Amino acid sequence: MDIIQRNFLRLLKCGAFGQREQMEPMSTWKWKRLYQLSQMNDVTPWVYDGIVACKDDFFLQIPASQIALWKESAMQADTEIVKDEEQRLTNPLLNHKLQQLTEKEGDTPTLELLYNIIRLARYILTQGINMRHLLELGIYLRTTKDQINYEQLTSWIKKLRMTKITRLEAALLIHFFDFKEDEIPFTRVKANKDTVRIADDILNTSSEQVADWYFTQGKNVFVSTTNSSAMMWHVRHSAKYMSYYPSEAITNFFANFAHSLSHIEE
């Protein structure tokens, strides 16, 4: 992890969770790269809050023009958690179980935390670890911790066969945001080498290439991609994370494949 990424995480933790850490000195160019990193991960408002909170830090020397850009971007960004109208899984059996839970439980903090875990899990399978979704999961967990039925949540996770991918999410909360194991009592986890490898991927890979993964009709009868490298990235990505949630990963891949086919120009 380089200095830009370290300062990025320090400011993000400060802005989202109030954790103050000593900043490291950086050049104007590196501060610009940190801004780009925050934009790419859709967490600019929280990083800007960290900048404001750490303004008295000796090494937080950001040019006024960049501060103005940070402020403008933070004001324009939407910090509201985007919720799906209906939370679903692509595996029919698992989705049936999820819908049964939804109908039975109604709107509870425990079920909403499960939705946060599922939302991030599906994003992992489709586009990779999303820093904003991970941050929102951490914020929700810390702000509602006393309202969660952890025994019930653990049971649901097992029922939906999400144990391994939930452990991955928990490990990333520990790695990025310094969560303690006792803050995540619904799964047993410790950050390891795989966590560090995946964390490096998060900070170095843009999800924009996934947006190019659409199929168009060529001059012949075969379907080709507008961006073959983007398609191959998606195939490799799906294979890399499949072991974390195999029962959902396969159906999720084909569901996205079918979605892309629906964009063929007739």
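These are my notebook entries on a predicted model of a protein chain.

**Entry 1. The chain overall**

I began with the secondary structure and counted 13 helices and 2 strands in the protein chain. I then looked up burial: 46% of the 266 residues count as buried. For contacts between residues at least 6 apart in sequence, I noted that 72% join residues at least 24 apart.

**Entry 2. The largest nonpolar core**

I next turned to the largest nonpolar core, which holds 73 residues. The members that touch the most other members are F8, L114, M131, F176 and F177. I asked which helix gives the most to this core. It is helix α6, residues 109–126, with 10 residues. As background, I recorded that nonpolar side chains tend to be buried together in soluble globular proteins.

I followed L114 further. Setting aside neighbours within four places in sequence, I found L114 in contact with L98, L101, L153, W156, I157 and L160. Three of these partners, L153, W156 and I157, are also listed among the buried residues of helix α8, and I therefore took α8 as the subject of the following entry, where its arc of 160° is described.

**Entry 3. Helix α8**

Helix α8 spans residues 150–159, and I found Y150, L153, T154, W156 and I157 buried in it. Viewed down the axis of α8, these buried residues fall within an arc of 160°, so they line one face of the helix. The general background is that an α-helix has 3.6 residues a turn, so residues three or four places apart point the same way. On the other side of α8, I recorded E151 and K158 as exposed.

What do the buried residues of α8 pack against? I found four helices listed as partners: α5 (92–105), α6, α7 (131–143) and α9 (163–177).

I also examined both ends of α8. At its start, a side-chain oxygen of N149 comes to within 3.4 Å of the backbone nitrogen of E151. Just after α8, R161 takes a positive phi of about 55°.

**Entry 4. Positive phi at R161 and D178**

I returned to R161, since a positive phi in a residue other than glycine was recorded there. R161 lies in the loop between α8 and α9. Its relative accessibility is 45%, so I entered R161 as partly exposed.

D178 is another non-glycine residue with a positive phi, in this case near 60°. I located D178 in the loop between α9 and α10 (193–204). With a relative accessibility of 30%, D178 counts as partly exposed.

**Entry 5. R10 and I3 in helix α1**

I looked up R10, which is found in helix α1, residues 3–17. Is R10 buried or exposed? Its relative accessible area is 14%, and because the cut-off for buried is under 20%, R10 is buried. The side chain of R10 makes a polar contact with the side chain of N7 at 2.9 Å. Not counting residues up to four places away in sequence, R10 touches Q19, E21, Q22, M23 and E24.

I3 lies in helix α1 as well. I recorded a relative accessibility of 16% for I3, so this residue counts as buried. Beyond its neighbours within four places in sequence, I3 is in contact with E24, P25, M26 and K30. For one of these partners, M26, I noted the C-alpha separation: the C-alpha atoms of I3 and M26 are 7.9 Å apart, although the two residues are 23 residues apart along the chain. I also noted that E24 appears among the contacts of R10 and among those of I3.

**Entry 6. Helices α2 and α4**

My last entry concerns a helix pair. Two packed helices are described by the angle between their axes and the distance between the axes. For α2 (residues 28–40) and α4 (residues 64–76), I found that the axes come within 11 Å and cross at roughly 5°. The two helices are therefore roughly parallel to each other. On the α2 side, the contact is made by T28, W31, K32, L34, Y35, S38 and Q39. On the α4 side, Q66, L69, W70 and S73 take part.

I then looked at S73 of helix α4. S73 is buried, with a relative accessible area of 11%. Apart from neighbours within four places in sequence, S73 is in contact with Y35, Q39 and T44. Of these, Y35 and Q39 are residues that α2 brings to the contact with α4.

Methods: Residues numbered from 1 in each chain as written. Predicted model: local features only at pLDDT ≥ 70, side-chain atom pairs only at ≥ 80, totals over all residues. Heavy atoms only, no water. Core = buried A, V, L, I, M, F, W, Y, C linked by side-chain atoms within 4.5 Å. Buried < 20%, exposed > 50% of the residue type's maximum accessible area, 1.4 Å probe, protein only. Contact = heavy atoms within 4.5 Å. Arc of directions from axis to C-beta. Polar contact = N/O pair within 3.5 Å; in protein donor to acceptor, adjacent residues only side chain to side chain. Axes fitted to C-alpha atoms, helices over the stretch in contact; angles between N-to-C directions. Parallel < 35°, antiparallel > 145°, perpendicular 65-115°, else oblique.
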